[in-house]
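Reader: Hey, got a minute to walk me through this one? Drop it in here and I'll start asking.

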Amino acid sequence: MLDVGGVGYLVHATPSAIRRADADELTIHTYLAVREDALQLYGFAEPAERELFVQLLAVNGVGPKVALAVVSGSPPAELRRAIVLGDTARFQAIPGIGKKTAERIVLELKEKLAGDDGAVPISSVAGTRPHLVAREALVELGYSVSEAEQALAATDPDLPPEERVRQALRAA
């Protein structure tokens, strides 16, 4: 619930926006989804989250709830990299997204995001390949895609993939 001048609004928000809610005053970037039978308000901690949410809504078969789940799962920059790299497994790990929807997200947004100025720097895309190798190695060892992402987040991204896998396994 968001209290604005004594009026309460129900806002479906990303986890990052909810973490900021402890403050007395905060700025939430919102999107109002208008349907025949309802007006739903979605809240985001930063403009990049909202922008990616709106882009996801343009994908056939992706509604506000699925788009919110996607944006809530990872930082927008990581999701943009996954789209540009064609990493459908990243999206299939999100509840409510199957193989076809993940492929559709990548297919429909890849050109849009690759064409954005500065949306996904070349250096960050090139640096993601070793990350994908390390993630796939952990998946082969029995981790889910989301568990592998969490395990790799705690490792040094500058290390080679095999060393990152070792670190992730030691931490488990």
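Author: Sure. Helices and strands here are DSSP runs, at least four residues for a helix and at least two for a strand, numbered from the N terminus. Bear in mind that this is a predicted model.

Reader: Ok, so how many helices and strands does the protein chain have?

Author: The count is 10 helices and 5 strands.

Reader: And what box do the C-alpha atoms fill?

Author: Roughly 55 × 35 × 30 Å, taken along the principal axes.

Reader: How much of the chain is buried?

Author: 35% of the 172 residues count as buried. As for the surface, the chain exposes about 10,000 Å², with carbon and sulfur atoms supplying 53% of that.

Reader: What about charges, how many positive and negative side chains?

Author: There are 18 positive and 24 negative ones, and the centres of the two sets lie 5 Å apart.

Reader: Switching to a single residue: where is Gln40 found?

Author: Gln40 sits in strand S5, which covers residues 39–44.

Reader: Buried or exposed, that Gln40?

Author: Gln40 counts as buried because its relative accessibility is 16%, and the cut-off for buried is under 20%.

Reader: What does the side chain of Gln40 make a polar contact with?

Author: With the side chain of Tyr42, at 3.0 Å.

Reader: Which residues does Gln40 touch, leaving out those up to four places away in sequence?

Author: Gln40 touches His12, Tyr31, Leu32, Ala33 and Arg35.

Reader: Back to the whole chain: of the contacts between residues at least 6 apart in sequence, how many join residues at least 24 apart?

Author: That share is 52%.

Terms used:
Residues numbered from 1 in each chain as written. Predicted model: local features only at pLDDT ≥ 70, side-chain atom pairs only at ≥ 80, totals over all residues. Heavy atoms only, no water. Buried < 20%, exposed > 50% of the residue type's maximum accessible area, 1.4 Å probe, protein only. Contact = heavy atoms within 4.5 Å. Areas by Shrake-Rupley, 256 points an atom, 1.4 Å probe, with all protein chains shown as cover. Lys, Arg positive; Asp, Glu negative; His and termini not counted. Charge placed at Lys NZ, Arg CZ, Asp CG, Glu CD. Polar contact = N/O pair within 3.5 Å; in protein donor to acceptor, adjacent residues only side chain to side chain.
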